[in-house]
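Thanks for making time this morning. I would like to walk you through one chain, going from its overall division down to the pairing of its strands.

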Amino acid sequence: MTNSIKVLNDKCSGCGMCASACPFGAISMTERPEHAKKFKLAVMDLNKCTYCGTCVQTCKFSAIELKKDTPRSAVDKSLYNGVLVYAEQRHGEIANVVYELLNEGKRLANKLGASLAAVLIGDNIKSKSQDLINRGADKVYVCDDPVFIEFQDDPYTAILTQLIEKERPEIILMGATNIGRSFASRVAARIHTGLTADCISLEIDNETRNLQQTRPAFGGNIMATILTPDHRPQMATVRHKVFKGAKVEERRKGEIIDFKFDFQTLINRTKFLGFIKDTSVAVNIDDADIIVAGGRGVGKAEGFKLLKELADILGGAVGASRAAVDSEWVPYSHQIGQTGKTVVPKVYIACGISGQIQHTVGMSSSDIIIAINKDASCSMMQIATYALEGDMYEILPSMIREIKSVSRSD
Amino acid sequence: MHIPVSIRHEPTIPALKVDYETDMLRSKSEMLEKKMNIIVCIKQVPNTTDVQIDSETGRLKRDGVESIINPFDEYAIEEGVRIKERVDGRVIVVTMGPPQAETVLREAIAKGADEVVLVSDRAFGGADTLATSYTLSLAIKAIGSYDIIICGKQASDGDTAQVGPGIAEMLNIPHVAYVKKIESIDNKSIKVERMMEDGYDLIESQVPVLLTVVKEINDPRIASLKGKIIAKKAVVKILDAAAIGADIKKIGLNGSPTQVMKIFTPPQRAGGEKFTGEARDVAAALVKKLSDIGIV
């Protein structure tokens with residue numbers, strides 16, 4: 001048996017609400033010959049339909065019938081309890097997103113009446129445990145071994161899977177970082193559960209204890225709330241900077257547990273050969289609170305020196321649109337947008353960036369957008385919190401002078 | 001000297017008469033000869049430049065939106081073709097999708113792929129990343145042996161980046177995500193640069209391996225006229241649920257642990273304050289704003 005969806009011809013009023021609501025463009029409105037063009041009829045394209053049910057909710061005439069076939073092998077959910085945060089470390093430092101996960105994880109754990117745990121995987125990393133407890137973790141599992149010194153998918157997947165199978169958390173939160181997004185999916189596939197990427201909002205349904213995971217899709221054009229109703233644990237990767245970091249409570253009490261794992265299972269088919277640091281950046285673009293970005297309108301590589309000067313005095317990072325990267329004015333690691341990075345800084349200063357959708361999908365969630373552009377009618381100027389019309393080569397030097405004089409007078 | 005137009009174009013025509021059926025059979029024997037088999041997984045996505053919000057309903061307009069190869073997958077195809085050119089092998093491009101997805105497969109042929117496979121069945125509908133990973137892993141097994149599997153970093157519609165590593169897990173092979181460069185490659189191992197937030201890691205992996213690639217890895221070529229003609233005639237192999245031996249409980253909506261509860265449109269960002277006039281005054285006004293909110 002498979003899923004089925006159909007339009008009940010006698011109930012369909014032809015209003016077209018479902019067609020405009022369908023996120024997958026699977027419904028079209030056609031003429032009904034018997035009604036002499038008076039009423040239309042909704043028609044489903046089953047090749048496009050994903051049975052999401054949006055149309056069913058939209059229809060005011062109960063004219064769409066959706067039958068979902070769910071012979072799911074449901075797990076015993078009562079065996080799973082608590083929230084687990086993956087405390088990502090890189091080169092021995094805890095990633096900032098971990099503190100945000102602990103804060104949000106604590107809130108969810110409180111709602112569930114459950115505890116918050118964190119797992120540290122690394123070499124010589126146990127000393128970081130108290131920091132995690134001070135930020136809200138009730139328990140910290142430590143997987144400390146030289147094999148974990150650098151991130152590699154095989155051993156990290158094996159150890160996290162073992163911990164999950166033993167401790168059975170009902171929710172697992174991981175940062176949507178390169179590391180998190182690289183091995184979360186492997187873990188989810190191995191334990192056969194659902195994983196929702198890049199969440200920006202999390203909520204608990206009190207009745208079912210289901211985690212309602214909201215994430216952007218189609219480049220942020222739509223939001224989807226996703227459930228993992230019948231499987232446990234419910235796994236989510238979370239974008240950084242969407243939640244506030246947990247406050248520190250010095251000498252908070254918590255349990256530190258050395259996780260005993262089975263070395264036999266730690267096969268590793270990759271070898272870590274080295275790390276080459278990107279020395280061109282002082283502030284990591286993913287972590288930056290302020291980003292000064294340039295696009296086609298910058299016009300030349302030298303222009304980015306001016307952007308960097310402004311970024312430096314603001315303590316920010318330099319970003320770029322694809323046009324600027326393709327012109328080789330700035331390396332790809334700075335690219336923001338569809339084929340680059342997604343950033344959520346407090347302030348995004350877009351210089352000479354017109355704001356095509358491929359770029360704005362990567363930055364439109366910034367708290368404040370400042371656009372500097374000669375063309376007042378371009379998209380970026382329309383969405384900007386502050387839109388400055390003019391030449392960046394005149395405005396930026398004035399800004400830099402002004403900021404310097406403001407900071408001096410402080 | 002006057003050269004008639006027809007003559008100038010003629011020499012390319014005979015070379016195009018290729019029998020694709022025997023070509024595909026030949027690939028089987030090549031597998032035995034230890035030529036490298038490169039599988040590239042791609043996805044058909046709506047062209048986001050065309051995505052518009054209906055001002056009345058606030059919904060996504062999808063009518064007449066052109067379907068394209070997911071932008072990241074362009075780099076995956078190109079890298080597959082480059083490996084083929086380096087080590088001698090075959091590039092097989094696979095996609096899971098509705099029958100219309102044939103279009104992007106033909107495009108892949110035009111860009112240098114040797115074979116294309118469309119994994120298509122009504123029963124695959126509504127698949128999440130886990131069910132998709134399962135389906136594609138079975139399709140890859142059905143195709144035969146493989147050395148390198150390449151995926152784009154993520155798709156531009158779902159943005160999850162989960163299917164690549166998921167396939168690797170289901171095939172029980174290693175993977176390296178965010179690959180920005182392949183340093184060396186042979187039948188046993190591969191050395192790659194993995195892009196990280198603070199630089200890059202140098203990783204060596206056993207082969208077979210699955211890689212997900214970022215834009216920096218290459219500059220995709222544009223399909224040649226010859227390639228386009230080949231693409232038109234190419235045979236698209238279709239695999240359905242039965243052909244890949246799929247467990248009905250693990251595919252499509254049934255095989256998907258995640259379910260969409262609701263879909264909604266985020267509030268549109270409203271425009272803000274406009275500043276015009278002398279650069280000096282505009283700059284001063286902005287810095288005052290930034291100072292008021294504690295940025296400077």
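Before we look at how helices lie on strands, please keep one definition in mind: two residues are in contact if their C-beta atoms, placed from the backbone, lie within 7 Å. Please also remember throughout that this is a predicted model.

Let me begin with the division of chain A, which consists of domain 1 (4-67), domain 2 (77-265) and domain 3 (290-409). The C-alpha centres of domain 2 and domain 3 of chain A lie 33 Å apart, and five residues of domain 2 of chain A are in contact with five residues of domain 3 of chain A. On the domain 2 side of chain A, the residues that touch domain 3 are one nonpolar, two polar and two charged.

Now to the sheet. In general, strands of a sheet pair through backbone hydrogen bonds, either parallel or antiparallel. Here we have an open sheet of seven strands in chain A, paired in parallel and ordered 11-15-10-5-8-9-16. Its edges are strand 11 (195-199) and strand 16 (255-258) of chain A, each of which pairs on one side only, and neighbouring strands are turned by 20 degrees against each other on average, direction ignored.

At one of those edges, strand 16 of chain A pairs with strand 9 (residues 139-144) over four bridges, and A:Ile256 is the bridge partner of A:Val140.

Finally, the helices: helix 6 (residues 178-191) of chain A lies across strands 5, 10, 11 and 15, at about 170 degrees to strand 15, while helix 3 (residues 96-112) of chain A lies across strands 5, 8, 10 and 15, running at about 175 degrees to strand 5.

Definitions and conventions: Residues numbered from 1 in each chain as written. Chains lettered and ligands numbered in written order. Predicted model: local features only at pLDDT ≥ 70, side-chain atom pairs only at ≥ 80, totals over all residues. Pairing = 2+ DSSP bridges. Helix = DSSP H or I, 4+ residues; strand = E, 2+ residues; numbered from the N terminus. Axes fitted to C-alpha atoms, helices over the stretch in contact; angles between N-to-C directions. Domains from an automatic or database assignment. Nonpolar A, V, L, I, M, F, W, Y, C, P; charged D, E, K, R; others polar.
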